[in-house]
Every structure is written in structure tokens, then in C-alpha cells.
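Thank you all for making the time this morning. I would like to walk you through one protein, beginning with a single residue and widening the view from there.

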Amino acid sequence: TWGSAATLTAPSDILRIWTHDNFGEDLIINVRDGGIYYFDTSADITPTYARATQLSEVSGADSRTPTIAKQVLVSDDRHVLMFGCDPEDNIGTQDPLLIRFSNQEDVLTWTSTATNTAGSLRLGSGSQIEAAVETRQQTLVFTDVSLHTLQFLGPPFTFGLQMVSENVT
């Protein structure tokens, strides 16, 4: 009745949070601390309501494609950015401070070589990436204790990181 006590139990798990971004007409989808999926709108799909497939299982994806991440973004210069993902040399083991980026204009090439712009950067402070927000000229990357900017530089370094502030909550 009104005003009487009620017992409420809430699960202790974190909510299932999804991020997504367009790669042209296609869609890249990520569940926080989970899998990365790709929906190709130009593929011959039967039935037409078919689901997205794991990015690492898309035909033509290289063997070092990330399989787990905290967040996904597509930059203005058409790199796919994965935040808090698995490193190139240890697929399947999540590094909560790692940022990886695909080759420019190519969602399937993640192995960094001298002839492409794929690569990775690791943040130097914090214990995990909390969020990334794309702005006009850079991407803001928040960790649990600091704020960084990620900015496109072009080859050979592709992206640069700069710490903006520490002791951020």
C-alpha cells in the first residue's frame, strides 16, 4: 500500500551499453566490453532482416582484427577507432587503456605495417577508458582519472595523444 516499505533487488552487473557509428552506409556496432559487429548494407543478404556479423569473421578481415572493445567510433578522416580493445599481438585479451585504429578507408585492415595507417596508442594514466567523444578537430578520451585528446596527424604517425588534464572524475 501507499507509504509502506517494499523490498527491491537490483542486479549488480553494469548495464549493457552499446555504441555504434556509420562507416559510409554500413554500421559498426560494439557492446561495451564485448564483441564488435559489422552490418554491410550492400551485401546480398537473405533474408533482408539478417543480423550484423562479428567484425573478425567478415570476409576479408585480417587475423589481427579486434574482437573486444569498450567503444567504437569512426573518425572524420575515415579510420575506425576502438577504445579499450585487445592488442594486435594478443587478440582476445582486453587492454582497457589501448586505442587501436584501422587502415584509413578500410574497416577490415588492422595489422600495422609501414605501408598503411593502421596502428595503436596506449594511454599513460588511468585504469580504463570511460568514454570517447568526437569533436570538430579531435576526439576527447576520458579515463577514470584523466582527459586526453586524440588528433589525426597523418602518416607516418597517423594519430597523436595529448593529456589535457589529470585528477578528473
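Let me start with Thr19, which counts as buried because its relative accessible area is 16%, under the 20% at which that class ends. Please keep in mind throughout that what you see is a predicted model. Thr19 has its place in strand β1, and its side chain reaches the backbone nitrogen of Val72 at 3.2 Å. Setting aside residues up to four places away in sequence, Thr19 touches Ile28, Ile29 and Asn30, and also Gln71 and Val72.

With that residue in mind, let me turn to the fold as a whole. The protein has twelve strands and zero helices, so I have only strands to speak about, by the DSSP assignment used here. Of its 169 residues, 40% count as buried, and the C-alpha atoms fill a box of roughly 70 × 50 × 30 Å when this is taken along the principal axes. If we consider contacts between residues at least 6 apart in sequence, 41% of them join residues that are at least 24 apart. The protein exposes about 9,900 Å², and carbon and sulfur atoms supply 51% of that area. As for the charges, there are 9 positive and 21 negative ones, and their mean positions are 4 Å apart.

Next, the sheet to which Thr19 belongs. In what order do the four strands of the open sheet come? The order is β1-β2-β3-β4, with antiparallel pairing, and the edge strands are β1, residues 18-23, and β4, residues 53-54, each of which pairs on one side only. As a general reminder, the strands of a sheet pair through backbone hydrogen bonds, either parallel or antiparallel. Inside this sheet, strand β2, residues 26-31, pairs with strand β3, residues 36-39, in the antiparallel sense over four bridges, and Leu27 has Phe39 in β3 as its bridge partner.

The loop between β2 and β3 holds Asp33, and this residue has a positive phi of about 60° although it is not a glycine. I mention that since most residues other than glycine have a negative phi. Asp33 counts as partly exposed because its relative accessibility is 37%, which lies between the limits of 20% and 50%. A second residue deserves the same kind of attention: Arg78, in the loop between β5, residues 71-74, and β6, has a phi near 70°, again a positive value in a residue other than glycine. Arg78 is partly exposed as well, with a relative accessible area of 24%.

From Arg78 we can move along to strand β6, residues 80-83, where Met82 has its place. Is Met82 buried or exposed? Met82 is buried, with a relative accessible area of 0%. Not counting residues up to four places away in sequence, Met82 touches a list of residues that includes Ile28, Ile36, Leu55, Val72, Leu98 and Trp110, and also Gln71 and Arg100. You may recall that Ile28, Gln71 and Val72 were named among the residues that Thr19 touches. For a distance check on the model, Met82 and Thr67 are 15 residues apart in sequence and 9.9 Å apart in space, from C-alpha to C-alpha.

Finally, let me come to the C-terminal strands, taking them in sequence order. Strand β9, residues 129-134, runs antiparallel to strand β10, residues 139-143, and five bridges join the two. Their hairpin goes through four residues, and the bridge partner of Ala131 in β10 is Phe142. Strand β10 then pairs with β11 in the antiparallel sense over four bridges, forming a hairpin with two residues between the strands, and here Val141 has His148 in β11 as its bridge partner. Strand β11 in turn pairs with β12, residues 158-166, over eight bridges, also in the antiparallel sense, and three residues lie between them in the hairpin.

I will close with Thr149, which sits in strand β11, residues 146-154, and stands opposite Gln162 in β12. Thr149 counts as buried, since its relative accessibility is 8%. Apart from its neighbours within four places in sequence, Thr149 is in contact with Gln138, Thr139 and Leu140, and also with Gly160, Leu161, Gln162 and Val164.

Definitions and conventions:
Residues numbered from 1 in each chain as written. Predicted model: local features only at pLDDT ≥ 70, side-chain atom pairs only at ≥ 80, totals over all residues. Heavy atoms only, no water. Buried < 20%, exposed > 50% of the residue type's maximum accessible area, 1.4 Å probe, protein only. Contact = heavy atoms within 4.5 Å. Areas by Shrake-Rupley, 256 points an atom, 1.4 Å probe, with all protein chains shown as cover. Lys, Arg positive; Asp, Glu negative; His and termini not counted. Charge placed at Lys NZ, Arg CZ, Asp CG, Glu CD. Pairing = 2+ DSSP bridges. Polar contact = N/O pair within 3.5 Å; in protein donor to acceptor, adjacent residues only side chain to side chain.
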